[in-house]
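Here are a few notes from my pass through the model, as promised. Have the viewer open while you read, and start with the enclosed spaces before turning to the interface.

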Amino acid sequence: MTAELQLEPDGRLRHLLSLDGLPAPVLRQLLDQAELLRPHALGGSALRGRHAGRTCCTLFFEPSTRTRSSFQLAAARLGMDVLNFDVSTSSTKKGETALDTLRTIEAMGVDLFVIRHASDGAVAELAAGARPGTRVINAGDGRSNHPTQGLLDMLTLRQHKGADFSALKVLVAGDVLHSRVARSDLQALRTLGCGEIRVCGPANLLPGPEVLRGCEVFHDMDAAVEGVDAAMMLRLQRERMEQGLVPSLEGYYRDFGLTPARLARAAPGAIVMHPGPMNRGVEIDGDVADGPRSVILEQVANGLPVRMAAIDLLLGATAPL
Amino acid sequence: MTAELQLEPDGRLRHLLSLDGLPAPVLRQLLDQAELLRPHALGGSALRGRHAGRTCCTLFFEPSTRTRSSFQLAAARLGMDVLNFDVSTSSTKKGETALDTLRTIEAMGVDLFVIRHASDGAVAELAAGARPGTRVINAGDGRSNHPTQGLLDMLTLRQHKGADFSALKVLVAGDVLHSRVARSDLQALRTLGCGEIRVCGPANLLPGPEVLRGCEVFHDMDAAVEGVDAAMMLRLQRERMEQGLVPSLEGYYRDFGLTPARLARAAPGAIVMHPGPMNRGVEIDGDVADGPRSVILEQVANGLPVRMAAIDLLLGATAPL
Amino acid sequence: MTAELQLEPDGRLRHLLSLDGLPAPVLRQLLDQAELLRPHALGGSALRGRHAGRTCCTLFFEPSTRTRSSFQLAAARLGMDVLNFDVSTSSTKKGETALDTLRTIEAMGVDLFVIRHASDGAVAELAAGARPGTRVINAGDGRSNHPTQGLLDMLTLRQHKGADFSALKVLVAGDVLHSRVARSDLQALRTLGCGEIRVCGPANLLPGPEVLRGCEVFHDMDAAVEGVDAAMMLRLQRERMEQGLVPSLEGYYRDFGLTPARLARAAPGAIVMHPGPMNRGVEIDGDVADGPRSVILEQVANGLPVRMAAIDLLLGATAPL
């Protein structure tokens, strides 16, 4: 459903809801546009006329200041007005449906929604209910999708390892089960033809075979990291411990944390990635996070041009850059 | 008091506090200006220079994301800087008076305040305490006033039924007692010479005769809706049930909800209005809300030009449109 | 440490962290720049190109709507994009360190941080961890520093009493122990060579001799106010009573409140100052707060040019005004 919803019949992008089923040419177009936008992504006034007079609403049914901020700056640097609509302090609490909330704000003259929701599929449902001219970007739904995070991870990987992913060995490690970031990353790695995709985590924190399609599965972190070109570490939510899914943070760090010793097993020039926010000393050692292999802050920086590219293509970029 | 406060001695609008006592020519001027502003209300950059360099502060002592957002976009589309000041996270909790809060923000160079407050009359009191040059728009005080909602309802009604209200039958239905929207609507309908104003609700949710001046009162919804040109439905706050004012939501829907069957009793071409947020299946049936008679999203859209018109006139619109 | 951190080797300002150790010429430069910016500080579009395309982030680990709003407007009036990042609703709660939060936002292309933190020294630590090109303004840390409040107080004093402070008698009165405002004021008064600095408060609400260096200490408010040119009153936090540090608000008002009778003991033309938010009838009488000697709202208004001056100098003001 989502795949047809996010593409026009002629193959152009209408919404950005999921990397699942997104054709490789569209995915590459987003990355290429992001590269073109990079010189303007972290500041400057050059593109303030590009989408001036249009309005972006960040509609968050689940709080996330970091992701919201990244979208807010991306939209503002393209000249858009930005309306932050935080539903935890709004009328949805008053019994209004999520779709009525969206339609109400849409009627105020909003061109683009950036939506986060705790339920799987909720963002696609909202996109399906929006007016034909309205555009939607999924900023994270349930455990399912976080497409702009997946794109910024691919952009970062491409900048360091080149556009041909066929010879790459990439590891995604940690709590894959609960991670929408992992799902979007695995989908993008498959689409871009990554040579070897490894997944490592405790057995009870790995998802079923459909999610892990095409991946080599490890439960031993030392073996998993051997010879990889990139290690994408996932955040361990502290509630996993309260839920009894992880015996202790110390034990998790010992078995699955990316330590300097483990990183030494990776390929020469391997890069270390993390979507943030990090738990230092849990899934990643502080020295690794701050070390020369870490590209974690580059990922954050790449979030800007990637989000600008998505906005630009969805709104029908008229002017060349 | 409010009437003199909101008009200059020469009859021009100084503040917009209430539709009570607002002369018909001023009310019509606001609607006419809104019509002129409509082409620019939902986006575009044409009016960004109109009030550039001036600052609007939304000062909300009671949370409301929808109304605040509408004002925020209206002010931004006229070029203003917007400061959202949410008092639930501010220093009023620290023992500061509301007037000291207003004066403090005013001293930062704020030209216009949009104020919501839970107490009747609180916004007018703040307007009375502001500097002579400062303008105030009431975004809702207690049960008393919500003038821009009343104006946008009149604009919507006028667009569908024409400027002559003398032959119109209009129904305001539901919890009139607790509704500032209903009070502003009734005041505006009287000022504009509406031919027949009907009010319908459970006896314990209707206000005293002063509020219902000039209205025909019904307790039977089937009879009330008979032949009306517009049905303005009011939101039923869920706390009315906890307060024992309504036996059950199902019973309320059965007796007072606007169902398709009831709507069939209205005049041909009758329109259905609701200020939002809606309780589907309580005061209004979902099919009615989404049906061809519903102008609910047009009301939301009209909120933008109406609020822009109020801002424009209060700030002394210098340039013709 | 802070002193070296906030000045470049050539003496120019890199961060604004504390008035402690800030050389008099730099302090005077900030005040002079603020005077130049004043005509543009409360509105207008003249300076919108000055820092256009640059981004200011208000990063508040402790809530403060007033101070944040003042910085937000100051940055916007210089043309900056402003990102408000409230950590109480953000990922620091998720176990992320404050420095990781700062570095993440920094990577999104933020040029200037305005930071408030409840812990003494936390803002300087964050400044020390920021990238070389990033600028930091301390918007209040613990009990230690509130440099822009100190500067705006000095600007207000200078406007009323002239640039030569050597003949001035200034009183700082109230809960000096817990006040970062008092510390910044005392530091600035010493730097600018104030003739006589008096401090008055209950013995258990006065700090140690290091903070009170160069001050004359009073516990009798009548004596303290005698002949002063300015009385700077401090806010009494209501929790001081719960902590048992103050027997009652009535008793505090009787012994230390600035009443009309006490104010009559001050020098002719003496001014009354307060950083806000005020507790009327506790540390200050309502009639004094609203009276002709009060410059409290001028202080608020001066916050804008002072903050614009700090931003302007930190970002390397290129164009003359």
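1. Start in chain A. Asp153(A), Val181(A), Asp185(A), Met232(A), Met233(A), Leu234(A), Met273(A), His274(A), Pro275(A) and Gln299(A) line the second largest cavity. Keep in mind that this is a predicted model. The volume of this cavity comes to about 30 Å³.

2. Where does that lining come from? Helix H7 (180–191) and strand E8 (230–233) of chain A each give at least two residues. Sorted by class, the lining has six nonpolar, two polar and two charged residues.

3. Now hop to chain C for the largest cavity, with about 40 Å³ of space. Its lining includes Asp153(C), Asp185(C), His274(C) and Gln299(C). Helix H7 (180–191) and strand E8 (230–233) of chain C are the elements that give two or more residues to this lining. The class split here is six nonpolar, two polar and two charged. In total, the structure has two cavities of 30 Å³ or more.

4. On to the interface of chains A and B. Here 22 residues of chain A touch 24 residues of chain B. Together the two chains bury about 1900 Å², with 53% of it on carbon and sulfur atoms.

5. How many salt bridges link chain A and chain B? The count is four. One to look up is Glu96(A) with Arg66(B), at 2.4 Å from N to O. Eight residue pairs are in polar contact across this interface.

6. On chain A's side, strand E2 (81–86) and helix H4 (98–107) are the elements giving two or more residues. E2(A) gives the most, six residues. By class, that side has six nonpolar, ten polar and six charged residues.

Technical notes
Residues are numbered from 1 along each chain as its sequence is written. Chains are lettered from A and ligands numbered from 1 in the order in which they are written. This is a predicted model: local features need pLDDT of at least 70, side-chain atom pairs count only at pLDDT 80 or more; totals for chains, interfaces and linings use all residues. Side-chain values use heavy atoms; hydrogens and water are left out. Contact means heavy atoms within 4.5 Å. Buried area is the accessible area (1.4 Å probe) that two parts lose on being put together, summed over both. A salt bridge is a side-chain nitrogen of Lys or Arg within 4 Å of a carboxyl oxygen of Asp or Glu. A polar contact is a pair of N or O atoms within 3.5 Å; within protein, one must be able to donate a hydrogen and the other to accept it, and residues adjacent in sequence count only if both atoms are side-chain atoms. Helices (H or I, at least four residues) and strands (E, at least two) are DSSP runs, numbered from the N terminus. Ala, Val, Leu, Ile, Met, Phe, Trp, Tyr, Cys and Pro count as nonpolar, Asp, Glu, Lys and Arg as charged, and the others, Gly among them, as polar. On a 1 Å grid over the protein atoms alone, a cavity is a set of points where a 1.4 Å probe fits but cannot get out, and a pocket is an open set with protein on both sides within 12 Å along at least five of seven lines; lining residues have an atom within 4 Å of a point. Grid points are joined across faces, edges and corners, and a volume is the space filled by probe spheres set on the points.
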